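The paragraphs below walk through one protein model, taking the metal site, the aromatic pairs, the charged contacts and the surface in turn.

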Amino acid sequence: MATVPIAQTDTPEARKYNRTKRWLEFSDLIVGFVFLLLLVLTHGSARLRDFAYLGARQYYTVAVALYVFMLMLISKLLSAPLEFYGFRLEHKYNLSNQKLGAWLLDEAKSFAVGLVLILVLVEVLYATIRAYPEHWWLIMWAVFVGLTVLLAQLAPVVLLPIFYHFEPLKNDGLRERLTKLSERAGTRVRGVYEWKISEKSKKANAALTGLGKTRRIIVADTLLQNYSDDEIEAVLAHELGHHVHAHIPKSILLQMGITFVGFWAADHILRYAVEQRSMFQGLADFANLPLLALIATLVGLLLSPVLNAFSRHNERQADEYAWKSIPSIGPFVTGMHKLASQNLAEEHPPRWIELLFHSHPSIGKRTAAAEAWNAKQPTGTA
Ligand SMILES: [Zn+2]
């Protein structure tokens with residue numbers, strides 16, 4: 001039987017919410033970008049560096065740390081109004097449970113985590129530039145790759161628990177279904193965890209995280225409470241699809257390639273700025289950090305449509321894996337519609353928006369693809 005297409009529209013509420021969120025992200029990006037640009041083009045960064053040296057009594061390593069701290073604090077203060085607006089937005093659309101105090105605590109925690117990670121990275125960066133001015137970019141690339149792998153491994157056991165509580169999934173029926181799914185796939189997931197999102201948000205989500213021994217599927221409690229076991233099985237099958245297709249290692253490999261070119265380009269641009277334009281006192285002058293950050297931001301921005309296309313490809317693969325693994329696509333389709341309405345996602349976003357900015361195909365496309373796939377199966381149901 002041919003499926004009748006559902007009206008290709010989203011509620012005005014969903015459209016407005018998503019439009020506002022896009023503007024918010026865009027503004028945040030512009031604020032950060034202009035801040036870095038001003039630091040590079042004016043004497044702002046040099047002044048901040050001199051101030052850091054003064055505070056550090058001319059001790060280089062301490063001055064680097066002070067400089068990074070001031071830079072991160074200023075940029076946090078600059079983006080704070082937009083972040084607060086984002087917090088209010090979630091409440092306005094009745095998508096959040098989080099009180100202001102808890103939100104502020106989360107903001108402080110993420111600032112602290114970011115500060116520690118960036119401090120370590122920047123200290124290693126300038127120590128490397130000083131010790132190996134010719135090959136610093138190659139060494140830093142290797143350090144960066146090592147750190148990416150380490151963080152991917154630590155994410156579910158160290159990073160995520162700073163913000164959320166996790167518990168092993170208690171539902172025996174679901175655990176058994178997942179075990180059967182993974183046995184059929186000839187693989188084994190190391191665990192399924194209930195992700196206590198409901199303390200903060202009314203939205204639902206699920207993910208595959210970790211690497212090697214830490215890899216696991218996490219499912220939001222908001223999803224476990226409101227979806228049927230069949231729908232949850234469809235979600236688990238999708239996450240298992242990511243694992244079977246090795247999407248996390250593949251993403252890390254892609255990132256390795258991109259950062260290699262990025263570090264190489266950074267070395268060339270930095271040398272040009274120092275040697276031809278006399279913008280800084282040398283390669284090891286940490287006043288050039290905003291220039292490096294600017295290069296990283298630009299590379300990320302230019303490549304994000306490509307990375308999003310790669311991610312959407314992975315999502316389609318995981319979806320197809322799910323359809324093949326579950327008895328019928330019905331629960332996949334109903335689960336998707338539930339997710340869209342619970343998260344106030346647009347099922348049919350503007351095409352160019354999806355192409356440029358979305359890491360997932362729209363829910364409208366995902367359900368349509370499921371139905372098209374099903375129609376081609378000899379034993380098609382639903
Ligand atoms: Zn996915």
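A residue is called buried when its relative accessible area is under 20%, exposed when that area is over 50%, and partly exposed in between. Phe-260, at 33% relative accessibility, therefore counts as partly exposed. The model is a predicted one, and the burial terms below are used in this sense.

The metal site comes first. The zinc ion has three protein donors, His-238 through NE2, His-242 through NE2 and Glu-315 through OE, lying 2.1 Å from the ion. Along the chain these donors follow the spacing H-x3-H-x72-E. Distant parts of the chain are linked here: His-238 belongs to helix H8 (residues 229-244) and Glu-315 to helix H10 (residues 289-325), with the two positions 77 residues apart in numbering. His-238 and Glu-315 are both buried.

The aromatic side chains come next. The structure holds 18 aromatic pairs. In one of them, Tyr-126 and Phe-286 have ring centres 6.4 Å apart and planes at 75°, so the pair is edge-to-face. Because Tyr-126 lies in helix H4 (residues 100-131) and Phe-286 in the loop between helix H9 (247-276) and H10, this pair ties together parts that are 160 residues apart in sequence. Tyr-126 and Phe-286 are both buried. A second edge-to-face pair is made by Trp-137 and Phe-260, whose ring centres are 5.4 Å apart and whose planes stand at 65°. This pair, too, links distant parts of the chain, with Trp-137 in helix H5 (residues 136-163) and Phe-260 in helix H9, 123 residues apart. What is the burial state of Trp-137? Its relative accessibility is 12%, so Trp-137 counts as buried, whereas its partner Phe-260 is partly exposed. Tyr-126 and Phe-286 also belong to one aromatic cluster, together with Tyr-53, Tyr-60 and Tyr-67.

Aromatic rings also meet charged groups. Lys-200 lies over the face of Tyr-164, at 4.6 Å from the ring centre. The ring of Tyr-193 has the charged end of Arg-216 over it, 4.5 Å from the centre of that ring.

Contacts between opposite charges follow. A search of the whole structure finds 21 salt bridges. One of them joins the side chains of Glu-90 and Lys-203, with an N to O distance of 3.2 Å. Glu-90 lies in helix H3 (residues 60-92), while Lys-203 lies in the loop between strand S2 (192-195) and strand S3 (206-209), so the salt bridge ties together parts that are 113 residues apart in sequence. Glu-90 and Lys-203 are both buried.

Another salt bridge is formed by Arg-177 and Asp-230, whose closest N and O atoms are 2.8 Å apart. The pair links distant parts of the chain, since Arg-177 is in helix H6 (residues 172-184) and Asp-230 in helix H8, 53 residues apart. Arg-177 has a relative accessible area of 26% and is therefore partly exposed. At 38% relative accessibility, Asp-230 counts as partly exposed as well. Elsewhere, salt bridges that share partners join Glu-167, Lys-170, Glu-194 and Lys-196 into one network. Within that network, the closest N and O atoms of Glu-167 and Lys-170 are 2.6 Å apart. Glu-167, at 31% relative accessibility, counts as partly exposed, and Lys-170, at 54%, counts as exposed.

The surface also carries a nonpolar patch. Which residues form it? Trp-23, Phe-26, Ile-30, Val-34 and Leu-38 do, with about 510 Å² of accessible area together. Phe-26 is found in helix H1 (residues 12-41), and its relative accessible area of 44% makes it partly exposed.

Two backbone positions remain. Arg-57 is not a glycine, yet has a positive phi of about 50°. Its place is in the loop between helix H2 (44-55) and H3. Arg-57 is exposed, with a relative accessible area of 74%. Asn-94, likewise not a glycine, has a positive phi of about 55°, and this residue lies in the loop between H3 and H4.

Methods: Residues are numbered from 1 along each chain as its sequence is written. This is a predicted model: local features need pLDDT of at least 70, side-chain atom pairs count only at pLDDT 80 or more; totals for chains, interfaces and linings use all residues. Side-chain values use heavy atoms; hydrogens and water are left out. Donors are N, O and S atoms within 2.8 Å of the metal (3.2 Å for Na, K and Ca); water is not among the atoms, so sites may look incomplete. Helices (H or I, at least four residues) and strands (E, at least two) are DSSP runs, numbered from the N terminus. Buried means under 20% relative accessible area, exposed over 50%, partly exposed in between (1.4 Å probe, protein chains only). Patches are made of residues with over 30% relative accessible area and no salt bridge: like charges are joined within 9 Å, nonpolar side chains (Val, Leu, Ile, Met, Phe, Trp, Tyr) within 5 Å. Accessible areas come from the Shrake-Rupley method with a 1.4 Å probe; for residues, only the protein chains shown count as cover. A salt bridge is a side-chain nitrogen of Lys or Arg within 4 Å of a carboxyl oxygen of Asp or Glu. Rings of Phe, Tyr and Trp (its six-membered ring) pair if their centres lie within 6.5 Å; planes under 30 degrees apart count as stacked, over 60 as edge-to-face and the rest as tilted. A charge sits over a ring if NZ of Lys or CZ of Arg is within 6 Å of the ring centre and within 35 degrees of the ring normal.
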